[in-house]
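User: I'd like a close look at one part of this model, the cysteines, and then a walk outward from there. Here it is.

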Amino acid sequence: MGEVILKIENGTKKFKNELIFQNVSMEFEKGNSYGFVGPNGCGKSIFFKTLCGYSLLTEGQVIYRGKIIGKEQDFIDDAGIVIEEPEFINSLSGLENLKILAEIQKKILEAEIIEVLKQFDLYEDRNKKAGKYSVGMKQKLRLAQAVMEKPQVLILDEPMNGLDNAGVQDIRALLLELKAQGKTILLASHNHEDIAALCDTVHEMDGGVLE
């Protein structure tokens with residue numbers, strides 16, 4: 001057994017009378033990657049939001065590095081997260097958007113943001129307004145934002161959306177490299193090749209059940 005960095009204990013999530021998932025207990029170890037599969041609308045995104053602290057459980061608890069999310073700590077403060085469409089400011093450049101996001105925690109300098117843009121093949125377009133970015137470029141910017149502060153945990157919901165084949169291969173290689181560095185990765189994807197290539201353990205979600 002490796003070091004457990006994140007866990008959910010007896011987690012249940014309901015919206016009014018709708019049960020999203022029930023009595024889920026899981027542990028996520030440092031340096032491992034976990035895949036989540038299931039049909040559209042089964043609740044994978046909501047499950048990820050509860051792990052981050054963006055949405056609180058109806059019952060149970062999420063614990064990150066020994067602290068209960070929503071009680072002892074509001075959010076996971078050391079996670080790179082891609083769950084929803086990004087709220088980029090379309091009138092600002094890709095670089096300017098990342099600089100604004102980096103100001104929140106003040107962990108990195110502009111030089112480090114530049115290196116991440118190069119890593120995601122966005123350096124040449126760093127001064128282009130985000131509103132002019134293609135779907136694939138915006139997805140790369142989301143992923144750049146998720147990894148730029150060198151988080152210990154990556155929680156990624158359909159991270160390959162909008163990417164061409166070359167982009168998919170690049171992101172797979174990057175995620176495998178991050179995993180080798182000891183990062184913990186949670187990945188939801190409809191692409192079975194992504195799951196097979198990246199994940200040590202696969203969980204299936206359907207009808208309120210997460211296995």
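Is C42 buried or exposed? Start there, then take me through the rest of what you can see around the cysteines and beyond.

Analyst: Sure. Keep in mind that this is a predicted model.

C42 is buried, and its relative accessible area comes to 9%. As for bonding, C42 belongs to no disulfide, and the nearest cysteine sulfur, in C199, sits 15 Å away. A disulfide here needs two cysteine sulfur atoms within 2.5 Å, so 15 Å leaves C42 without a partner.

C52 tells a similar story. The closest cysteine sulfur to that of C52 is the one in C42, at 16 Å, which is too far for a bond. C52 is buried as well, with a relative accessible area of 0%. Searching the whole structure turns up zero disulfides.

Now for C199, the one whose sulfur is nearest to that of C42. Its place is the loop between α6 (192–198) and β9 (201–206). C199 counts as buried at 13% relative accessibility, because the cut-off for buried is under 20%. What does C199 touch, once neighbours within four places in sequence are set aside? The contacts are S33, Y34, G35, L187 and D194. There's also a spacing you can check in your viewer: L186 is 13 residues from C199 in sequence, and their C-alpha atoms are 8.4 Å apart.

Stepping back to the whole protein, you'll find six helices and 10 strands. The radius of gyration is 17 Å, close to the 17 Å that the globule rule gives for 211 residues, so the protein is as compact as a globular protein of that length. Along the principal axes, the C-alpha atoms fill a box of roughly 45 × 35 × 35 Å. Of the 211 residues, 50% count as buried. If you take the contacts with a separation of 6 or more, 65% of them come from residues 24 or more positions apart.

If you're hunting for open space, go to the largest pocket, which holds about 710 Å³. The elements that each give two or more residues to the lining of the largest pocket are β6 (79–82), α2 (94–105) and α4 (135–147). In total 27 residues line the largest pocket, and Y54, A79, I81, L101 and Q145 are the ones nearest its centre. By character, the lining of the largest pocket splits into 15 nonpolar, three polar and nine charged residues.

Two of the helices that help line the largest pocket, α2 and α4, also lead into loops with a backbone detail to look at. In general, most residues other than glycine have a negative phi. K106, in the loop between α2 and α3 (110–119), has a positive phi near 55° and is not a glycine. K106 is exposed, at 57% relative accessibility. K150 is a second case: its phi is positive too, about 55°, although K150 isn't a glycine. You'll find K150 in the loop between α4 and β7 (153–157). With 51% relative accessibility, K150 counts as exposed, because exposed means over 50%.

To come back to your starting point: C42 is buried, C52 is buried, C199 is buried, and the whole structure has zero disulfides.

Notes:
Residues numbered from 1 in each chain as written. Predicted model: local features only at pLDDT ≥ 70, side-chain atom pairs only at ≥ 80, totals over all residues. Heavy atoms only, no water. Buried < 20%, exposed > 50% of the residue type's maximum accessible area, 1.4 Å probe, protein only. 1 Å grid on protein atoms, 1.4 Å probe; cavity = no way out; pocket = protein on both sides within 12 Å on 5 of 7 lines; lining within 4 Å. Points joined across faces, edges and corners; volume = space filled by probe spheres on them. Helix = DSSP H or I, 4+ residues; strand = E, 2+ residues; numbered from the N terminus. Nonpolar A, V, L, I, M, F, W, Y, C, P; charged D, E, K, R; others polar. Rg over C-alpha atoms; globule rule 2.2 N^0.38 Å. Contact = heavy atoms within 4.5 Å.
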